[in-house]
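Me: Could you take a close look at one loop of this structure for me, and then follow the chain outward from there? I would like the reasoning spelled out wherever a label is attached to a residue.

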Amino acid sequence: MIPSMLVALIIFIATYVLLLAFQKYRPWIALASAAVFVALGCFGVFELDILGALRAVDYNVLMMIGGTMGIVTLFIESKMPVRLAELLISKVPNVKWTIAVLALFAGIISAFVDNVATVLMVAPVGLAISKKLNISPVPVLIAIAVSSNLQGAATLVGDTTSILLGGFAGMNFLNFFWMLGKPGIFWGVELGAIASVIVLLMLFRKETRRISAAVETEVKDYFPSLLMIGTVVLLILASFIPEPEGGALLKLYNLRSGLICVALCIIGVIRACVRAKSSSPFVQVLKETDRDTLLLLFGLFIIIEGITAAGVIDAVAGLFYNVAGENPFLLYTLIVFASVVLSAFIDNIPYVATMLPVVQSLAAMMNGGAGVEPYVFYFGLLTGATLGGNLTPIGASANITAIGILRKNGETVKVSDFLRIGIPFTLSAVLTGYAYIWLVWGI
């Protein structure tokens, strides 16, 4: 047992190092590592065969992410997000409030749309406003990026990490708002958003110049907006479908959220192609779909199954347990702030995918081995991992995207520029969410 665990741990650590060193090739590294685990499983080193590896993949999560990406592409192309941003900006009095409202708007969009896509939607508005006012767009786009990361944890479809948690913990769309008779993580995120807006207003308190903005963008098509709304409504309705006892119906039931997202995406793409009398919308959706993330997750699901079979997950959980003991508050605190620090430097998708089974195992160890409900630890993990990325410029894909846009526009982004906003923003949001989750869900 010990040799197989050591082998699995070495492969896993090597995989993580390669993922960090060669981010451009992350999906291929993950798939290669997954293939190594399956090969060793076939040779009897681990209890993992090809069918077991394929069963470990959460296809519902992959379908949700892929379908949502397609709908988001159509939504962006419709120009609705830019129109909404302009409407909001036209109602604010000065630059300070413009930056705060623009960041808050990006956060609201990000609760239902991927963080990177949100930055791509809202950044052009921030650039245009900065140019018109003759101010630096650097702090504006950084504020948009960090706010997008914050709100990704608010709903089931807000971020890949939320979808991972929903799939792993069996949570539906409504559970993020209300679960087991208690307010869900959504409200903790929103309290963090309020705290972070106050921080932004303080950071930009000297920017008091008045602003007048015109609403100029025309929406090209309202149907993608209906698809976005329809996705949320159908995911809510799907949560009320009773679980069948077994067979093919149970398999479909377990894929229901993914099937909804994919079906609405297909409807939107077909309609767009008919309207355009061309296949260009289909090509655009394929081009914008983040295949790297989908392939990365496919490989990670198998890798995690491999290290679980080898006993690595239980060993890591034991290490955490040895530090925290039977004190659930200490364990919760350790999970939150370890996640904040680690996610400041590593991608939160593989981190959350790896830590979810660790957290589940930790909850099972508590209370003298009788176990406790794991949700407070799940929510702490998601909060720390989602917000930790805001500590550094490389901690989240949305940050990297915003900085890339700024550089393309000839702007120099210093690390100090990012830290000036990222550190107080992160601390205010994390501490608020940390306190809320323990007060509501603490054991």
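Reply: Arginine 205 sits in the loop between α10 and α11, where a helix is a DSSP run of H or I with at least four residues, a strand is a run of E with at least two, and both are numbered from the N terminus. The model is a predicted one, in which local features need pLDDT of at least 70 and side-chain atom pairs count only at pLDDT 80 or more, while totals for chains, interfaces and linings use all residues. Residues are numbered from 1 along each chain as its sequence is written, and side-chain values use heavy atoms, with hydrogens and water left out.

Is arginine 205 buried or exposed? Its relative accessibility is 53%, and arginine 205 therefore counts as exposed (exposed is over 50% relative accessible area, buried under 20%, and partly exposed in between, with a 1.4 Å probe and protein chains only). A polar atom of the arginine 205 side chain lies 2.5 Å from the backbone oxygen of methionine 202. Arginine 205 also brings a distant stretch of sequence into the picture: lysine 96 is 109 residues away along the chain, yet the C-alpha atoms of these two residues are separated by 6.2 Å.

Further along, the loop that joins α10 (185-203) to α11 (223-238) also holds aspartate 221. Here the label is buried, because aspartate 221 has a relative accessibility of 14%. What does the side chain of aspartate 221 contact? One partner is the side chain of arginine 271, with which aspartate 221 makes a polar contact at 2.7 Å (a pair of N or O atoms within 3.5 Å; within protein, one must be able to donate a hydrogen and the other to accept it, and residues adjacent in sequence count only if both atoms are side-chain atoms). A polar atom of the aspartate 221 side chain also lies 3.1 Å from the backbone nitrogen of phenylalanine 223, and residue 223 is where α11 begins.

On the other side of the loop, α10 leads to an enclosed space. Four cavities of 30 Å³ or more are found when the whole structure is searched (a cavity is a set of points on a 1 Å grid over the protein atoms alone where a 1.4 Å probe fits but cannot get out, and lining residues have an atom within 4 Å of a point). The largest cavity has a volume of about 70 Å³, a volume being the space filled by probe spheres set on grid points joined across faces, edges and corners. Its lining includes Ile185, Gly188, Val189 and Gly192, together with Leu150, Thr383 and Ala429 among others. Helix α10 gives the largest share of that lining, with four residues, and α10, α19 (375-388) and α21 (415-441) each supply at least two.

Since α19 takes part in this lining, that helix deserves a look of its own. Helix α19 has 14 residues and reaches 19 Å from its first C-alpha to its last, close to the 20 Å expected at 1.5 Å a residue, a span worked out as 1.5 Å times one less than the number of residues. All of α19 is buried, 14 of 14 residues, so the rest of the structure largely encloses this helix.

Helix α18 can be read in the same manner. For the 18 residues of α18, 1.5 Å a residue gives an expected span of 26 Å, and the end C-alpha atoms are 25 Å apart, which agrees. Of these 18 residues, 15 are buried, so α18 too is largely enclosed by the rest of the structure. Just after α18, asparagine 367 has a positive phi of about 60 degrees.

Two other loop residues can be set beside that asparagine. Leucine 180, in the loop between β1 (178-179) and β2 (182-183), has a positive phi of about 50 degrees although it is not a glycine. Because its relative accessible area is 56%, leucine 180 is exposed. Lysine 277 lies in the loop between α13 (256-276) and α14 (280-288), and its phi, near 50 degrees, is again a positive value in a residue other than glycine. With 78% relative accessibility, lysine 277 counts as exposed.

As a last stop, alanine 34 in helix α2 (residues 26-42) is buried, because its relative accessible area is 4%. Alanine 34 and leucine 300 are 266 residues apart in sequence, but their C-alpha atoms are 7.2 Å apart in space.

Technical notes:
1 Å grid on protein atoms, 1.4 Å probe; cavity = no way out; pocket = protein on both sides within 12 Å on 5 of 7 lines; lining within 4 Å.
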